[in-house]
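Happy to walk through the reasoning behind a few structural labels. Here is the model to look at as we go.

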Amino acid sequence: MDKPMINVSDTKIFGFWVYLMTDLIIFAVLFACFIVLHGNTFNGPTAKELFHLPTALAETLFLLTSSFTCSLGMLAISRQQKKWAIVWFIVTFLLGAAFLYIEISEFSEFLAKGASWKRSAFLSSFFTLVGTHGLHISIGLLWMVVMMFRIALRPLTEHSVSRIFRMALFWHFLDFVWIFIFTTVYGIGYLL
Amino acid sequence: MHYKLSLSITGFVTSLLLTLAAYFIIVRPEFFHFDIKIAIIAIFSLALAQSLVQLIFFINVWKEKRHFWNLGVFISTASIIFIIVFFSIWIIDHLNYNMR
Amino acid sequence: MRDFFFGKLTWDAVPHVWYTIGGTVFIILAAIAIGIYLTLTKRWGWLWNEWLTSTDPKKIGTMYMVFASLMFFRGMLDAGMVWLQQAIAADSQGYLTADHFQQIFTSHGDIMVFFVTMSFFFGLMNWIVPLQIGARDLAFPFLNSLGFWLTVSGGLLINLFFVIGGDFANTGWLAIAPFSELEFNPSVGVDYLIWSLQLSGAGSLLAGINFLVTIIKKRAPGMTLMKMPLFTWNSLCAMVLIISAFPVLTATTLLLWLDRAFEMHFFTIGYAGNQMMYWNLIWMWGHPEVYILVIPAFGMFSEIVSTFSQKKTSGYVSMVWAALTITTLSFLVWLHHFFVMGAGPNVNSFFGIVTMLIAIPAGVQVFNWIFTMYKGKINLASPMYWFIGFLVLFMIGGMAGIFMASPPADFQVHNSLFLVAHFHTMIVGVALFGIFAGITFWFPKIFGFKLNERLDKQAFWFWFAGFFVAFMPLYLLGFMGAPRRIDHYAAATGWQPLYITALAGFCFILCGIATQVYLVIESIKNRKQNLDTTGDPWNGRTLEWATHSPPPFYNFATVPYITSHEVFWDMKKKGWEREKKYEDIECFKNTGMGIYISIFAFLLGFGIVWQIIWLIVLSLVGVIACIIRLSFDDEMEYVLPAEEVAKIEEAYHRG
């Protein structure tokens, strides 16, 4: 019933996959910095003082659900169901936007408390790691909008499906990275 | 692996459970009589498990022959990431100690 | 208001010192000269359509070579200024201020590593890798063009300080923190360094992904991994290193920039920054980078040695494993660049031992090359001259490297001229000699005529002798205690005679370069006498020699089935005829999008350096708009019908 229109080993998708690997390595450097610097609070606010774990959990659940709805969107694409695809991608977009909104609110709250990235090495590495992820989310959201236009305006040829799939892959990997941000930043940062 | 609804749902529910489990350990480590070190190992293992679940059920990459290079590049990247993170911690730890 | 429009730009940025005025005048005059030439010969259209917008890897490869050569002159100018200063600055300040001297060796390092060596290698790979694997193009032709133009925009940015700003970084090529932080380096020089590296790093990363996917996915049918030529194998290994290491450079320089632009504290002295982390991260990139520079050269020499010994490369399987081992180990040794930073004996021993282990696969390769030559029919054409020079220098530089792999020995010579001599031996003796050999070897394939053998051999002798005279004194100076990067020293140290000898060596090298320039001009003038009509001027062994010289833009009219790793040699032995049945070929269109995106990227870099907000926003919008526009362009390819292919092929066989 479901003929695989998308093959992850296709040249274009494999190329994008390799690019995603390099993006993971950029995050690895940011993770290494966070772990090395998380204790360098320079008598400023610490993770335990700042982090509000229920907020982090809410972000995580929004993003996880958006990854799920994204695969529902790809399922619709594989069945050539344009309308359902757009519906699911809109839901994904809203969930991703909600994630971003919570994250920006968290950042504003920290800034209001004087816990800015200028305060200590710990805060610099926190804002950079989480902020870089947020920047990727923003790019993903923009990409999603562009793809929704493609779904609406162009036929779902193999070429189109390949492009939409790459966007979905990007989105899935964002949640993949977030698992580790949640665990390392909020988890280990809070526990230690 | 073809696109199947059952795969996505399984992945979603499993990830949800793993996330909630990790959250619970973070906020209440004493519930499991975990000291900090064990708690960290526990949540990290949960994170690794969830990342594998997402790789298989959302990203749909696993032991199929056509995924050989994707998996290969992924494993090599994972090794590089391990080297970057582990060795940075080891090296900086020693440097911090000696250069304090 | 003023800040909004101009950021940090003030009238001070206008050239007002002798070298910035000189640099500006040169750049403007050169641009005008080129403009006049193009207008008079009515070649603007030709330049745009035939070259700049091309996605043909042979054309992009040639553009990489031209760009690398231009940057090479700039890098050598910097080198000459350093040599001259050090030769005369005994008990005097010489002719350069300390700060200017530091800027010179910084830009020398960055330009030579990023814009010369890497560009030369990408050029050669663009030429040859698709031909060797029987592919028509790279996996992503547009990204190939984009990667090239991003590298060029990085090269423009690194030279722009002459015209606007006046200050380049004075921190050394890797911008060590905290010296490169705002506290000690408030001017834009370090930002120019960071952003030109980011632009060219992005270009390199794209090229790395492109070649990796091409080699893995676009091989001709029948070419398993173990039937690939060794140049392709080594290129694959270098690409693996690029995609693993360059993201680390991107991230680390980004963090340094965040410290400078947003007052973050990753590597600052105050606020609990950790400066040692910067050096740890940057060398995590830096070490694989130097292997990226030498591994392709190893591949090139493997091809050259087997071709000019008329013998199969000895130990093909062990050569592959050697390349893979070097690739893996190179990611585990970076700490040897900072043994002295104080990580202690456990850490130092681990990295010291792994560093020494790299000598083993290196030795495997050297012995295999020698065994290939043994009992072969050796033809000492000029590529073999470069090979023998490489072998000698690789041994010397390699031994110096193994010496420094031991932490206690390194403690004595760290950051001395011994280190400088070692890495120049490797980069010049291995990478640069490899590039020169590769260019001579493959020039007839790409351009259809050979380079003048006699002149190339002359150039070799100038370079080889010059290198010894220029760098052996540095090994001695290192042992005598001379540190690197000093702008003046006391005459009582007794170092000056050695510095002067080094300067004489540089003059020899200059003669070598002049010979090479003359070589190219002379060969182009006499090209009709040196035409390669067969496509196989050296009695080659691998697939690239099976095409015409130069090949048609689609490389192969029909892609052969591969049965061995020396396909062409076997094809010749069995008697081989060109396939006459032609098929439609899918080709990629020319596109200017690579240039447009890179122009916006250049403006973005410039805006970031000077903190001109509106320019940053506008260029970002420009880049994103171009990308979105591209994403809706579904017609980047076209089909060349079989009849057209037949016509092109017949024309080759007639003329």
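Q: Which residues is B:S15 in contact with, leaving aside its neighbours within four places in sequence?
A: They are A:L64, B:Q50, B:V53 and B:Q54, where contact means heavy atoms within 4.5 Å. A note on the basis: this is a predicted model, where local features need pLDDT of at least 70, side-chain atom pairs count only at pLDDT 80 or more, and totals for chains, interfaces and linings use all residues. Residues are numbered from 1 along each chain as its sequence is written, chains are lettered from A and ligands numbered from 1 in the order in which they are written, and side-chain values use heavy atoms, with hydrogens and water left out.

Q: Why does B:S15 count as buried?
A: Its relative accessibility is 0%, and buried means under 20% relative accessible area (exposed is over 50%, partly exposed in between; 1.4 Å probe, protein chains only). B:S15 therefore counts as buried.

Q: What do the buried residues of helix 1 of chain B pack against?
A: They pack against helix 3 and helix 6 of chain A together with helix 2 (36–57) of chain B. Among these buried residues are B:G11, B:F12 and B:Y23.

Q: Why are helix 3 and helix 6 of chain A called roughly antiparallel?
A: Helix 3 (residues 53–78) and helix 6 (residues 158–191) of chain A pack at an angle of about 160°. Angles over 145 degrees count as roughly antiparallel (under 35 roughly parallel, 65 to 115 roughly perpendicular, the rest oblique), so the label for helix 3 and helix 6 of chain A follows.

Methods:
Axes are lines fitted to C-alpha atoms, for helices over the stretch in contact, and angles run from 0 to 180 degrees between N-to-C directions. Helices (H or I, at least four residues) and strands (E, at least two) are DSSP runs, numbered from the N terminus.
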